[in-house]
Amino acid sequence: MKRIFVCLIAAILSVMAMAQGSEMTERFNPEIYGVTSLAIAPDARAGSMGDMGVATDADANSQYWNCAKYPWNIARAGVSASYTPWLRKIVTGINLANVSGFYRIGDYSAVSASFRYFGMGEVSTTEGDYSFSPYEMAIDVAYSRLLTRTFSMGVALRFILSNMNYDPAQEAAAGKAFAADISMYRQGYFMIGNRECSMSWGLSLNNIGSKINMGNSTYAEFLPATLRLGVNMTVPINEYNRFSFGAEVYKLCIPTKPVQGEEESGEDYQKRLEEDYYSVSSIAGVFKSFGDAPGGFAEEFQELRWSFGAEYTYNDRFMLRAGYHYESPHKGNRQYFTVGAGLHLSVFTVDAAYCIATAQGNPLDQTMRFSLGFDLDGMKDLFGGRRR
């Protein structure tokens, strides 16, 4: 496991040191997908660690990152509610709400579920004679199981609804889609001096499913299918203090939209789009996404996003966190530091996160996230129950 950590860090450093490669990689050419809210990290703990969560310790919000972590929870059951006011620097009224929970079955498996709602507030037409409230939502269920003492897997099924209809005369139906996640998680222990440290890695492939037709669109759009790989190491200093460090890389597994050639006519370009982009199925798009960037190998590396995070814990009660997220300027330019804190009491945990953008004009600057988690075992103890 230590080799995985070293190799990933080495890969990160080498990728960031690579030359851009060609003129094509200098173009702003981000991947395009529907239901963009599925790509927003919902919880404050991950949000304060650079949006990193595939290999961190298990908690109630693992459903979004890696559902295979749930059997590793100490609590028998838990639930968490998160709230994010989104893009506050641009407009008010856009919010993401998320609720997730789990229940461990015996000592080796768990079931979990989550519900997310992304509301965009009330929008009025330019004439002011009609207003509408677009929204996106998703609900999913998952099952996870320990296959060995150190390795677990999980699978989640998701229903997605996107209602962006802004013209009642067209009677456009809301877009619907189904998707699935496949996740893996491994955790082991090693010694540094007289300290027993833990090392974990996680791998998840999320939102693999059907395309979605957004209202009256001519073509169906890809879901934000995402491949994540991360590592995390926890080092105890003494009985009361410990540190965790992690790194994560992820890639959108959707085709990159071709760019129009300088001498290519509009008709020829549209025909090429229909043949090489719009007609590609979602499953074929996963495989195609690893070698279709117009800028070749250099642009494929630009499609990797990186997250780094650290967490300090005192007496399992108070947490301080920080992180950094990097996205290429040619693929979205989301670059920001994150900070946050958490407080854990007998029955609940409160987390908060704050984003500080480093890229000029980044609308995510000053974004806040809040999460409130409940340990259902602890609640049972409060009311005189017997904890297993």
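Rings of Phe, Tyr and Trp (its six-membered ring) pair if their centres lie within 6.5 Å; planes under 30 degrees apart count as stacked, over 60 as edge-to-face and the rest as tilted. Keep that in mind as you open this predicted model, where local features need pLDDT of at least 70, side-chain atom pairs count only at pLDDT 80 or more, and totals for chains, interfaces and linings use all residues. Residues are numbered from 1 along each chain as its sequence is written, and side-chain values use heavy atoms, with hydrogens and water left out.

**The whole chain**

Start with a cartoon view: the protein has 7 helices and 16 strands. Helices (H or I, at least four residues) and strands (E, at least two) are DSSP runs, numbered from the N terminus. Of the 388 residues, 49% are buried; buried means under 20% relative accessible area, exposed over 50%, and partly exposed in between (1.4 Å probe, protein chains only). Turn on the surface next: about 18600 Å² is exposed, and carbon and sulfur atoms supply 60% of that area. Accessible areas come from the Shrake-Rupley method with a 1.4 Å probe, and for residues only the protein chains shown count as cover.

**Aromatic pairs**

The structure holds 14 aromatic pairs. Select tyrosine 117 and tyrosine 135: their ring centres are 5.5 Å apart and their planes at 20°, so this pair is stacked. The pair links distant parts of the chain, with tyrosine 117 in strand 3 (residues 109-119) and tyrosine 135 in strand 6 (residues 135-146), 18 residues apart. Tyrosine 117 is partly exposed, at 34% relative accessibility.

Now select phenylalanine 297 and phenylalanine 301, an edge-to-face pair with 4.6 Å from centre to centre and 85° between the planes. Both sit in helix 6 (residues 297-302), and because they are 4 residues apart, about one helical turn separates them. Phenylalanine 297 is exposed at 59% relative accessible area, while phenylalanine 301 is partly exposed at 22%.

For a cluster, pick Tyr219, Phe222, Tyr277 and Tyr278, which ring pairs link together.

**Charges over rings**

Stay on phenylalanine 222 and add lysine 211, which lies over the ring face at 4.3 Å from the centre. A charge sits over a ring if NZ of Lys or CZ of Arg is within 6 Å of the ring centre and within 35 degrees of the ring normal. Then try arginine 228, whose charged end sits over the ring of tyrosine 250, 4.4 Å from its centre.

**A nonpolar patch**

Back on the surface, look for a nonpolar patch of about 810 Å², whose members include Tyr240, Tyr314, Phe318, Leu320 and Phe374. Patches are made of residues with over 30% relative accessible area and no salt bridge: like charges are joined within 9 Å, nonpolar side chains (Val, Leu, Ile, Met, Phe, Trp, Tyr) within 5 Å. A salt bridge is a side-chain nitrogen of Lys or Arg within 4 Å of a carboxyl oxygen of Asp or Glu. Strand 13 (318-326) and strand 16 (368-375) are the elements that give two or more residues to the patch. Phenylalanine 318, in strand 13, is partly exposed at 35% relative accessible area.

**Two backbone stops**

Most residues other than glycine have a negative phi. Valine 35 has a positive phi of about 50°; find this residue in the loop between helix 1 (2-16) and helix 2 (44-47), buried at 2% relative accessibility. Finish at aspartate 316, with a positive phi near 55°, in the loop between strand 12 (304-314) and strand 13. Aspartate 316 is partly exposed, at 43%.
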